[in-house]
Amino acid sequence: MPSSITRLFDFAYHQLEKHPQKKCFIAKKENTWQPISTSQFIAQANTVSRALLKLGVKPNDKIAVISSNNRPEWHVLDIGVLQIGAQNVPLYPTLSIADYQYIINHSDATYCFVSDRELLEKVSSVKEKTNLKGIFTFDQVHQQTNWETFLSAGKEKDNQEEVEERKNAVKPEDLATIIYTSGTTGTPKGVMLSHKNIVENTFVSAEALDLTGNKYRVISYLPISHIFERFASYYYLYMGFEIYFAESIDKLVDNLKEIKPHFMPVVPRLLEKVYDKIIAKGNDLTGLKKLLFFWAVTLAEKYQPYQKNSAWYYFKLKIARTLIFSKWKEAFGGHLHFMVSGSAPLQERLIRIFTAAGIAIYEGYGMTETSPGISINDLRNGGLKFGTVGKTLRDIEVKIADDGEILVKGSNIMKGYYKNEALTQETIKNGYLHTGDIGTLDSEGFLRITDRKKEIFKTSGGKYIAPTTLENRIKQSRFIEQIMVIGEHQKMPAALIQVNFDFVYEWAKRHQHIIKDVTTDEKLIARIQKEIDAHNTHFGKWEQVKKFEITPGEWSVDSGHLTPTMKMRRKTIIKKHQNLFDKIYNL
């Protein structure tokens, strides 16, 4: 742990001193990958700081930033804001106008940076209802102060001495950022994280990943407003990796082939979609090729780490990797060593399959309130166990409360919720953060998450139901893209289902069947019932899904079904499909 790094902006200066990069950030402009060196990055960050000072930005002022894609400007602005003692308040680009108004007001933001015209229009529509003094755009937008114009105000170095004074005055314990959690219910909460919170979590996470050298390429594509990607960016700076920015999620597959990253963070929803597309391609094969494809997938489902399978198994796996899984690796660029999964539970089956394919997945556990890392799996040194989120990171203490809730203590625990001392006191007791997750610690120190405390419900018969466990199991079906188990205070568990439309229509085509309406198609309903019946056998009779209804359309962030981090908004989903809920329970 370098003593020279105690504040978040120190990561950039550490890179400049220890291993300056010609390609610190690389983004595509005019169809060409254009790099920014470490020295250029820092020079621009200082320009940002000087420009902000000339705008009158003071220590502890809040600067909001909203970007529809990850880009170098975001990180330049971040360092420029932090090193003058101000705070960065990142917002998701998918939030509603009402959410923008609430967060900008609640955070006391004085200026806002947005990436493009669409976001500018959203924020501008509520500007007069906030305390914003100005809005700047990263893109060039007609008659709007853009990034280049903003930077021009800081080109003269006449106030650089003040920048240095401000930078020297920032302490590790000072507030660095307020991250508003999307929340599955209620009003967004502003999580206050200090420099020390994130810096020390970066160090222990780097120690757990145990990578050496800086000759690696990484791809940045998950929302930078989320702590997972934000933390990853500081880790990359610390290690000296080349950071490539994906053009968009839609172009991610093409970008992976161009960039050829060595590792990348991933969220379960994305990996599930990738896997579904891989399987769909397998279904398009014919004859021996199709048989080999699904033989390899079935083989991968039985994979065990640490040579626990037989020699005969590994002989077959070598063949599968050569004939089938090598093509999977090519789809990720061909150089991927591993992926780190976070944000939500990942199906154990997918971890087995991808790890067997030679693309290891290390599932971890964390929260915005824990900066974010709590634990992580690692294939090395006996640190991987399927079905768990790994062992806790160094200097982080985890214990299980009497009711099964996971409690966490360490330097990664947030300073609290902004302007909400009551909720802070309710969440942090005796130094332990109450995560709201239910879990267990086994004899080897592996942490297992079983459900969300607030999502466990009781049926009218008095039986407790853990919906996440059921959902993760049933969601393994290729027919089902999203499932929400319901039944609180009702006589039985049931489910609302969003089908995997691509697979369902492909299935119908193969069976020469025309689906006019997925919600009422009898053949489809019977087929999904068969899937649920098979998965129900893994659960007690009281917790098995007895009925289900298929919802029309896709559950998405824009439709309000999902949070920006792809978690289900359970109350919203029930409200949107109240008619189906009532139909299930004959209300």
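Biologist: At what angle do helix α3 and helix α9 pack, and are they roughly parallel or roughly perpendicular to each other?

Modeller: In this predicted model, helix α3 (residues 72–82) and helix α9 (residues 227–239) have axes 12 Å apart and pack at about 80°. Angles of 65 to 115 degrees count as roughly perpendicular. The two helices, α3 and α9, are therefore roughly perpendicular.

Biologist: Which residues of α9 are met by α3?

Modeller: From α3, the residues taking part are W74, H75, D78 and L82. By class, the contact holds 3 nonpolar, 2 polar and 2 charged residues. The residues met in α9 are R230, S233 and Y234.

Biologist: Where is I84, is it buried or exposed, and which residues does it contact beyond its neighbours within four places in sequence?

Modeller: I84 belongs to the loop between α3 and β4 (87–91). Its relative accessible area is 0%, and buried means under 20%, so I84 is buried. Leaving aside neighbours within four places in sequence, its contacts are S49, L52, L53, V57, P59, V163 and R166.

Biologist: How many residues of strand β7 are buried, and which residue of β8 stands opposite I179?

Modeller: In β7 (residues 175–181), 7 of the 7 residues are buried, so the strand is largely enclosed by the rest of the structure. β7 pairs with strand β8 (residues 189–194) in the antiparallel sense, over 6 bridges. Opposite I179, the residue in β8 is V191.

Biologist: What is the strand order of the open sheet of 3 strands, and which are its edge strands?

Modeller: The order is β24-β25-β26, and the pairing is mixed. From one strand to the next, the twist averages 25°. Each edge strand pairs on one side only, and these strands are β24 (480–486) and β26 (547–550).

Biologist: How many bridges join β24 to β25, and which residue of β25 stands opposite V485?

Modeller: β24 and strand β25 (residues 494–499) run antiparallel and are joined by 6 bridges. The residue of β25 opposite V485 is A495.

Biologist: Where does T427 lie, is it buried or exposed, and which backbone oxygen lies 2.8 Å from a polar atom of its side chain?

Modeller: T427 is placed in helix α15 (residues 421–427). With a relative accessible area of 10%, T427 is buried. Not counting residues up to four places away in sequence, T427 touches M414, Y417, Y432, L433 and H434. The backbone oxygen at 2.8 Å from a polar atom of the T427 side chain is that of L423.

Biologist: Which loop holds P372, and is the peptide bond from S371 to P372 cis or trans?

Modeller: P372 is located in the loop between β13 (360–366) and β14 (373–376). Most peptide bonds are trans. For the bond from S371 to P372, omega is near -5°, and the bond is cis.

Biologist: What is the phi of D108, and how accessible is this residue?

Modeller: Most residues other than glycine have a negative phi. D108, in the loop between α4 (97–107) and β5 (109–114), has a positive phi of about 65° although it is not a glycine. D108 is partly exposed, with a relative accessible area of 32%.

Biologist: What is the phi of N430, and is N430 buried or exposed?

Modeller: N430 sits in the loop between β19 (428–429) and β20 (432–441). Its phi is positive, near 55°, in a residue other than glycine. At 75% relative accessibility, N430 counts as exposed.

Definitions and conventions: Residues are numbered from 1 along each chain as its sequence is written. This is a predicted model: local features need pLDDT of at least 70, side-chain atom pairs count only at pLDDT 80 or more; totals for chains, interfaces and linings use all residues. Side-chain values use heavy atoms; hydrogens and water are left out. Axes are lines fitted to C-alpha atoms, for helices over the stretch in contact, and angles run from 0 to 180 degrees between N-to-C directions. Angles under 35 degrees count as roughly parallel, over 145 as roughly antiparallel, 65 to 115 as roughly perpendicular and the rest as oblique. Contact means heavy atoms within 4.5 Å. Ala, Val, Leu, Ile, Met, Phe, Trp, Tyr, Cys and Pro count as nonpolar, Asp, Glu, Lys and Arg as charged, and the others, Gly among them, as polar. Buried means under 20% relative accessible area, exposed over 50%, partly exposed in between (1.4 Å probe, protein chains only). Two strands pair if DSSP finds at least two bridges between them. A polar contact is a pair of N or O atoms within 3.5 Å; within protein, one must be able to donate a hydrogen and the other to accept it, and residues adjacent in sequence count only if both atoms are side-chain atoms.
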